[in-house]
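Work through the exercises below with the model open. Try each task before reading its solution.

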Amino acid sequence: LLEQWIPRLGCFITRRSGAEAFSGDALVVICPTRSVSREYREGLVDYVAGGGKLLVIDSLESRGTTANSLLWPFGMTVDYSTAPQGELSLRTGWPDVEVGGACEITGGEPFLWVGDTPVAATTTYGKGTVMAVGFGSLWNDENMGGTWMLEPDAATALRYDVLFAVVRGLLSGQPVTPPPPGDSAIRGAADE
């Protein structure tokens, strides 16, 4: 569902592998489990250094994750040992988005927390940007409404708002901010 709703931001999505993955404006890697070769890692570093944007989304439920293999070159890691639960905080306010469990993100500049634990961070590398998010399960199919055919309820719309804010922040290079009050990413859902 995450892939199906991203076009609402005006983004075009394609699935690519190997060196072809570095041909777009941004690369989103969701709960990776494949081994990361030296050649791929070097290509990724060159892609970001040249102005590419990388978003790595991981979760506690991701078994055999290789997210850190993608993040280490940029001074970031995902720590699965802390597992904070509770309300997601942007420190400038975000209404009642509960996270059932998250991974701590170390390195970079945190921009989302659960309690005092940073669960999303960003860093610049060369001309590019890297973002890491440790609460990917917030955006799994179950939490995103189960099907694309139904308009999301208010709680689900808030989860979409978080996703859209992260993607907008990555693409624009601007800080991640919540939408203005009453301006949900999913029109009408906040009124249900």
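The exercises go from the whole fold to the sheet, the aromatic pairs and two loop residues.

The model is predicted: local features need pLDDT of at least 70, side-chain atom pairs count only at pLDDT 80 or more, and totals for chains, interfaces and linings use all residues. Residues are numbered from 1 along each chain as its sequence is written, and side-chain values use heavy atoms, with hydrogens and water left out.

**Exercise 1. Overall make-up**

Task: Count the helices and strands of the protein, and state what percentage of its residues count as buried.

Solution.
- Step 1. The protein has 4 helices and 9 strands. Helices (H or I, at least four residues) and strands (E, at least two) are DSSP runs, numbered from the N terminus.
- Step 2. Read from the N terminus, the order is α-β-α-β-α-β-β-β-β-β-β-β-α.
- Step 3. Of 192 residues, 45% are buried. Buried means under 20% relative accessible area, exposed over 50%, and partly exposed in between (1.4 Å probe, protein chains only).
- Step 4. The accessible surface is about 9,700 Å², and carbon and sulfur atoms hold 50% of it. These areas come from the Shrake-Rupley method with a 1.4 Å probe; for residues, only the protein chains shown count as cover.
- Step 5. Take the contacts (heavy atoms within 4.5 Å). Among those with a separation of 6 or more, 63% join residues 24 or more positions apart.

**Exercise 2. The sheet**

Task: Give the strand order of the open sheet and name its edge strands.

Solution.
- Step 1. The open sheet has 7 strands in the order E1-E2-E9-E8-E7-E4-E5, with mixed pairing. Two strands pair if DSSP finds at least two bridges between them.
- Step 2. E1 and E5 (98–99) are the edges, since each pairs on one side only.
- Step 3. E4 (residues 86–89) runs antiparallel to E7, with 2 bridges. Ser-89 faces Trp-113 of E7.
- Step 4. E7 (residues 109–114) and E8 are antiparallel over 5 bridges. Here Leu-112 is opposite Ala-120 of E8. The two strands make a hairpin with 2 residues between them, and Gly-115 in the turn has a positive phi of about 65°.
- Step 5. E8 and E9 (residues 128–133) are antiparallel, joined by 6 bridges. Thr-124 has Thr-129 in E9 as its bridge partner. This hairpin also has 2 residues between its strands; Gly-126 in the turn has a positive phi of about 60°.
- Step 6. Helix H4 (residues 154–172) lies across E1, E2 (53–57), E4, E7 and E9, at about 150° to E2. Axes are lines fitted to C-alpha atoms, for helices over the stretch in contact, and angles run from 0 to 180 degrees between N-to-C directions.

**Exercise 3. Aromatic pairs**

Task: Classify the pairs Phe-22 with Tyr-40 and Phe-74 with Tyr-125.

Solution.
- Step 1. Fix the rule. Rings of Phe, Tyr and Trp (its six-membered ring) pair if their centres lie within 6.5 Å; planes under 30 degrees apart are stacked, over 60 edge-to-face, and the rest tilted. The structure holds 3 such pairs.
- Step 2. The ring centres of Phe-22 and Tyr-40 are 4.9 Å apart and the planes are at 45°, so this pair is tilted.
- Step 3. Phe-22 is in the loop between H1 (2–5) and E1 (26–30), and Tyr-40 is in H2 (residues 38–49), so the pair ties together parts 18 residues apart in sequence.
- Step 4. Phe-22 is buried at 17%; Tyr-40, at 21%, is partly exposed.
- Step 5. For Phe-74 and Tyr-125 the centres are 5.0 Å apart and the planes at 85°, so the pair is edge-to-face.
- Step 6. Phe-74 is in the loop between H3 (67–71) and E3 (77–79), and Tyr-125 is in E8 (residues 117–125), so parts 51 residues apart in sequence are tied together.
- Step 7. Phe-74 is buried at 7%, and Tyr-125 is partly exposed at 29%.
- Step 8. Phe-22, Tyr-40 and Tyr-47 form one aromatic cluster.

**Exercise 4. Two loop residues**

Task: Find the side-chain polar contact of Arg-16 and that of Ser-62.

Solution.
- Step 1. A polar contact is a pair of N or O atoms within 3.5 Å; within protein, one must be able to donate a hydrogen and the other to accept it, and residues adjacent in sequence count only if both atoms are side-chain atoms.
- Step 2. Arg-16 sits in the loop between H1 and E1 and is partly exposed at 41%. The side chains of Arg-16 and Ser-23 make a polar contact at 2.5 Å.
- Step 3. Ser-62 sits in the loop between E2 and H3 and is buried at 10%. The side chain of Ser-62 makes a polar contact with that of Asp-58 at 3.2 Å.
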